[in-house]
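Please read the following briefing alongside the sequence and the coordinates. It takes up confidence, the nonpolar core, charge pairing and the cysteines in turn.

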Amino acid sequence: MEKNVTYIDLDIDVNQYHGSVLNTETGEVMAFNCRTRLNGLAGQCNRLRKCFPDREFKLCFEASYIGYTLQRTLGDRG
């Protein structure tokens with residue numbers, strides 16, 4: 001059985017996690033910011049589970065200075 005996977009893109013600066021989630025079925029993008037604490041990120045993931053109850057989450061960390069979003073990356077594929 002294939003799992004439904006939702007990817008959460010993370011960009012981290014000194015003060016916040018900046019996250020975005022792409023719903024590949026609808027094209028909807030959700031964004032969030034939270035403090036750079038594990039409980040802040042866990043809280044955001046728990047909120048997202050309510051929006052995507054039957055999905056598995058995978059976190060994608062961006063490690064460059066230019067910023068990155070799933071929407072831009074998937075949109076560039078054609």
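The points below are grouped by topic.

This is a predicted model, in which local features need pLDDT of at least 70 and side-chain atom pairs count only at pLDDT 80 or more, while totals for chains, interfaces and linings use all residues. Residues are numbered from 1 along each chain as its sequence is written, and side-chain values use heavy atoms, with hydrogens and water left out.

**Confidence**
- The mean pLDDT (the predictor's confidence in each residue, from 0 to 100) is 77 for the protein, and 76% of its residues reach 70 or more.
- Residues 74-78 have pLDDT below 50, and in the model this stretch has two contacts (heavy atoms within 4.5 Å) beyond near neighbours in sequence.

**Nonpolar core**
- The largest nonpolar core (buried Ala, Val, Leu, Ile, Met, Phe, Trp, Tyr and Cys residues joined through side-chain atoms within 4.5 Å) has 11 residues, among them Ile8, Tyr17, Phe32, Leu41 and Phe57.
- Strand 1 (5-12), strand 2 (16-22), strand 3 (29-35) and helix 1 (38-51) each supply at least two residues of this core, with helices (H or I, at least four residues) and strands (E, at least two) taken as DSSP runs numbered from the N terminus.
- Helix 1 contributes the largest share of this core, three residues.

**Charge pairing**
- The structure holds one salt bridge (a side-chain nitrogen of Lys or Arg within 4 Å of a carboxyl oxygen of Asp or Glu), and the side chains of Glu56 and Lys58 meet in a salt bridge at 3.9 Å, N to O.
- Glu56 is partly exposed at 27% relative accessibility, and Lys58 is partly exposed at 38%, where buried means under 20% relative accessible area, exposed over 50% and partly exposed in between (1.4 Å probe, protein chains only).

**Cysteines**
- The structure holds zero disulfides (pairs of cysteine sulfur atoms within 2.5 Å).
- Cys51 is partly exposed, with a relative accessible area of 44%, and Cys60 is partly exposed at 25%.
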